[in-house]
Amino acid sequence: MISIANWFSQVASITLVNLRTVTERKGSALTAAVGIAGVVLVLIGVLSIAEGFRHAMRATGADDVALVLRTGADTEMTSGLQREETRVIADAPGLARDDNGALASPELFVIINLPKRSTGTDANVPMRGVGPSARAVRANVKLEQGRWFEPGRNEVVVGAGAARAFAGTDVGHTIKLGTHEWLVVGVFSAGGGAAESEIWTDAAVLQPAYHRGDTYQSVLARLSSTGSFQAFKDALTSNPRLSVKVLRQSEFFAEQSTFLTNFIRGIGFFIAFMMALGAFFAALNTMYGAVAARVREIATLRALGFGTFAVIVSVLLESLVVAIIGGASGAVIAYLAFNGYQATTMNWQTFSQVAFAFRVTPSLMIQAIVWASIIGLLGGLFPAIHAARTPIATALRET
Amino acid sequence: MSTTDGVLVRVKEVDKVFRRGSEEIHVLTGLNLEVKAGEFLALMGPSGSGKSTLLNLIGGLDRATRGTVEIGGDRVDQMSDHALSGWRARHIGLVFQFYNLLPVLTAERNVELPLLLTHLSKAERRKHVEVALGMVGLSHRTRHYPRQMSGGEQQRVGIARAIVTDPTILLCDEPTGDLDRKSGDEILALLQALSRDHGKTIVMVTHDPHASARASRTVYLNKGQLFSENPG
Ligand SMILES: Nc1ncnc2c1ncn2[C@@H]1O[C@H](COP(=O)(O)OP(=O)(O)OP(=O)(O)O)[C@@H](O)[C@H]1O
Ligand SMILES: [Mg+2]
């Protein structure tokens with residue numbers, strides 16, 4: 001009987017013979033390798049955009065800031081909290097404090113229409129009513145121009161991104177919304193974060209203007225430390241008077257970008273799939289060529305007593321080697337070409353100033369090489385089966 | 001290998017039918033053949049008469065449509081494909097008209113191939129390869145590739161590969177068919193020596209009466225049957 005070790009030496013020796021003959025088929029092997037490299041390049045390229053975008057969105061939010069929404073709400077838009085609830089939240093343990101108490105800002109959020117500077121057409125702008133500690137909660141918010149709004153007055157400060165994009169938002173102008181007029185008193189920046197595309201005012205003024213009564217939508221709170229998140233969260237979720245969910249701000253932004261990153265990924269996989277089909281046929285062609293060129297050699301080996309399975313495995317291995325060489329080159333090229341590539345002109349409506357860099361992570365590269373291997377194996381499978389199933393006597397007659 | 005009454009190969013009432021589309025080609029019909037251990041049998045016959053087909057049946061490379069093929073007591077026609085490839089590795093040495101060496105391997109590597117199917121260690125394999133190449137007179141060309149050798153030398157490598165496992169029987173399909181007279185004669189002398197000095201059982205297909213003259217017996221295949229005289 002033929003032992004396992006023996007079987008391996010069979011496979012190894014045929015594979016070695018196969019691989020040595022690859023140089024005789026340089027052209028088609030190269031075509032397959034280049035095709036697979038192309039698939040990997042595109043796949044990694046597009047996925048690195050998604051990865052980079054997600055990373056940037058995560059960075060927009062802070063780890064030591066918590067967002068509280070009503071249970072079941074995925075966005076601030078669909079959330080709602082009573083004043084009483086926001087008080088309970090502010091009293092929970094784990095929050096940073098200053099002279100005025102806990103750093104927790106109950107906020108609400110409406111969408112208004114303003115004309116764009118570029119086209120004059122109206123577009124949606126988020127207008128946020130914030131509590132007194134809104135600035136203390138957000139570490140990166142800075143006044144760039146003018147002054148902050150006075151509590152109780154119809155005054156707004158405009159995010160730098162919004163100020164750039166929308167007409168009539170310069171300091172000193174008034175914004176007319178329905179029966180209300182809002183005086184622009186300042187412009188603020190937020191370290192390039194999402195807040196820069198918003199317009200802020202006093203929550204207490206926004207509530208009656210939009211008939212919101214005494215309700216809010218969210219509480220944004222600064223934690224005493226990154227580590228106190230769990231205590232804060234547990235206190236709120238175990239409180240029977242509340243029905244809320246608690247997220248880190250960083251998590252929230254990452255989650256908000258899920259749709260977009262999935263969309264980018266989807267496109268990436270689609271393009272890569274189309275290319276993969278092409279590469280699959282290239283690999284298939286190479287391996288059929290490889291097998292066809294060596295019908296008699298393979299038949300000779302089988303005539304000498306080499307097993308069918310050894311033949312199949314050796315053809316698959318050859319195909320795999322070609323695919324992995326192609327895939328690895330594609331991954332390296334993708335890394336050199338895309339990693340860290342800065343995309344700054346992205347102008348998403350809500351994320352107007354989100355600058356991000358393409359990220360070619362190791363897991364992305366491994367993922368791509370796995371795909372390349374799958375293409376290689378599939379490309380080799382049919383020729384391998386063909387090689388093994390052709391009757392020896394028939395194959396030996398071919399010259 | 002057990003041989004009752006010294007008969008090593010016993011082919012009985014064998015039919016071989018090939019199908020080409022709807023057409024049936026009856027190549028062998030009720031063929032009988034016995035080969036004694038140590039015999040050097042020449043198999044002759046017109047082109048297309050089925051000589052290679054018969055050789056393939058004996059070597060377990062193809063299956064008879066009907067009838068039995070027994071080699072040293074083993075019923076070749078009843079073995080599974082898997083069992084058959086192991087059996088070939090142990091009992092059959094094949095010599096081809098066009099040598100069928102692997103061009104990317106040196107002479108010694110080519111000869112070593114069948115030994116990869118055995119339990120022999122690397123050192124033992126090397127020893128066997130040395131002996132086999134020595135027997136065919138190519139000890140000095142072990143590191144050469146097939147393309148660096150003449151046809152006659154390549155065929156000697158082919159014979160070394162066939163005998164390196166010390167098989168029960170050597171099957172040669174027109175081993176001199178691609179060689180000039182001189183190289184052909186050297187190959188025939190080699191086969192004759194293997195038969196005479198080492199007691200090898202050999203079945204050799206040939207077109208050449210000059211070649212068959214070296215054999216201990218000649219049979220003629222014609223119209224699906226074997227004859228001991230040339231039916232003309
Ligand atoms: N695999 C096959 N499929 C169909 N027909 C076959 C097959 N193998 C052989 N034949 C046919 O069987 C007949 C005998 O072929 P075979 O190769 O055995 O003849 P041969 O005597 O060896 O001829 P040659 O002297 O030319 O080598 C031929 O007509 C051939 O076409
Ligand atoms: Mg023939």
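So, salt bridges between chain A and chain B: the count is zero. Keep in mind that this is a predicted model. What does turn up across that interface is polar contact, with four residue pairs found, both partners at pLDDT 80 or more.

Who supplies the chain A side? The elements giving two or more residues to the surface that touches chain B are α1 (4-20), α10 (295-304) and α13 (392-397) of chain A. Of these, α10(A) brings the largest share, seven residues.

Now the overall numbers for the contact. Chain A puts in 24 residues and chain B puts in 21 residues. Together the two chains bury about 2,100 Å², and 64% of that is on carbon and sulfur atoms. So, to put the interface in one breath: zero salt bridges, four residue pairs in polar contact, and 64% of the buried area on carbon and sulfur.

Okay, rings next. Over all chains we get six aromatic pairs. Let me walk through one of them, A:F338 with A:F358. Why is this pair called tilted? The ring centres are 6.2 Å apart, which is inside the 6.5 Å limit for a pair. The planes sit at 40 degrees, and tilted covers whatever is neither under 30 nor over 60, so that's the label it gets.

Where do those two residues sit in the chain? A:F338 is in helix α11 (residues 308-338) of chain A, while A:F358 is in the loop between β16 (356-357) and α12 (362-389) of chain A. They're 20 residues apart, so the pair links distant parts of the chain.

And buried or partly exposed? One of each here. A:F338 has a relative accessible area of 22%, and the line for buried is under 20%, so A:F338 counts as partly exposed. A:F358 comes in at 11%, so A:F358 is buried.

Staying in chain A for a second, there's also an aromatic cluster, and its members are A:W148, A:F188 and A:W200.

Over in chain B, we have a charge over a ring. B:R147 lies over the face of B:Y145, at 5.2 Å from the ring centre.

Last bit, chain B as a whole. How many helices and strands does chain B have? Seven helices and ten strands. Of the 232 residues in chain B, 54% are buried. And if you take the contacts in chain B with a separation of 6 or more, 70% of them are between residues 24 or more positions apart.

Notes. Residues are numbered from 1 along each chain as its sequence is written. Chains are lettered from A and ligands numbered from 1 in the order in which they are written. This is a predicted model: local features need pLDDT of at least 70, side-chain atom pairs count only at pLDDT 80 or more; totals for chains, interfaces and linings use all residues. Side-chain values use heavy atoms; hydrogens and water are left out. Helices (H or I, at least four residues) and strands (E, at least two) are DSSP runs, numbered from the N terminus. Buried means under 20% relative accessible area, exposed over 50%, partly exposed in between (1.4 Å probe, protein chains only). A charge sits over a ring if NZ of Lys or CZ of Arg is within 6 Å of the ring centre and within 35 degrees of the ring normal. Contact means heavy atoms within 4.5 Å. Buried area is the accessible area (1.4 Å probe) that two parts lose on being put together, summed over both. A salt bridge is a side-chain nitrogen of Lys or Arg within 4 Å of a carboxyl oxygen of Asp or Glu. A polar contact is a pair of N or O atoms within 3.5 Å; within protein, one must be able to donate a hydrogen and the other to accept it, and residues adjacent in sequence count only if both atoms are side-chain atoms.
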